[in-house]
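Colleague: Could you take me slowly through the surroundings of the ligand, explaining each term as you go?

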Amino acid sequence: MLDTLLFAVFPYVAVALAVVVGFYRYFSDRFSYSSLSSQFLENRGLFWGSVSWHYGILAILLGHLIGFLIPRSVLAWNGVPWRLYVLEASALMFGILTLWGLVVLIIRRFSSARIRVVTSLMDIVLLVVLLVQVVAGVWTAIFYRWGSSWYAGFAVPYLWSIIKFSPDISLVNNLPFMVKLHIIGAYVIVGLIPFTRLVHLLSFPFTYFWRPYQVVIWNRRKETRG
Ligand code: HEM
């Protein structure tokens, strides 16, 4: 029963929340579609944390996407042991880079008084959820080998069953706790997008590369200088 709620109902609730609240926020408060830069308050920790985090998580999510789109090719690639080791070792390297970047960003947020005063409750919730998600992912990669192969064999058919509106939870309900946590964590993150600074994911800032510089001015009622 709980598995049905978590793996067959919750994914749709999370996507519906992301879409409905995302649109609502876009049309009611378009200027809030941002990750609210704090670069001018502290830059060094942000550089090391943000660069590691973003390169790491983009590579990892691209890996998840490739496995999702061409699972048979991934399985064929993994058919030769050295290729499997190269794929898994690269994924683990990016997983650790992601974790390192996130930990730097978390430490920065709480060790700088200037950053602390501009940190909202939702920022904290998001950081905790992302940390749990990345730890569960790296944990899965280390303790339940070989993830790239069984991801293609079990998790991808499960994800497709969700997309086709006929969820098949028998593919996931026997997985270990940390793997289940990792899957549920993904839905929690999707549901949180419009409520947090993750909303910047939906803004597709392609024009960023050719637009002129912008001056960032925070418009807050409270005095925010630390
Ligand atoms: C917001 C969504 C997600 C994020 C941020 C995320 C993040 C991560 C990270 C950081 C790792 C560690 C990579 C490594 O060290 O090898 C990982 C591994 C993994 N994730 Fe995810 N993940 C997400 C969604 C999912 C979903 C929906 C599934 C399955 C349904 C999944 C299945 C896996 C598996 C099987 C591994 C182990 C891969 C391996 O052993 O190489 N992830 N994930």
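Modeller: A polar contact is a pair of N or O atoms within 3.5 Å; within protein, one of the two must be able to donate a hydrogen and the other to accept it, and residues adjacent in sequence count only if both atoms are side-chain atoms. This is a predicted model, in which local features need pLDDT of at least 70 and side-chain atom pairs count only at pLDDT 80 or more, while totals for chains, interfaces and linings use all residues. Residues are numbered from 1 along each chain as its sequence is written, and side-chain values use heavy atoms, with hydrogens and water left out.

With that in place, a polar side-chain atom of Glu88 lies 3.0 Å from an oxygen atom of the ligand, and an N or O atom in the side chain of His64 is 2.8 Å from a ligand nitrogen atom. Leu92 takes part through its backbone, where a polar atom is 3.4 Å from an oxygen atom of the ligand.

Around the ligand there are 24 residues (each with a heavy atom within 4 Å of it), and the closest are His64, Glu88, Gln133, Gly147 and His182. This shell divides into 15 nonpolar residues (Ala, Val, Leu, Ile, Met, Phe, Trp, Tyr, Cys and Pro), one charged (Asp, Glu, Lys and Arg count here) and eight polar (the others, Gly among them). At least two shell residues come from each of α2 (44-69), α4 (81-111), α6 (121-143), α7 (147-163) and α8 (177-192), where helices are DSSP runs of H or I with at least four residues, numbered from the N terminus.
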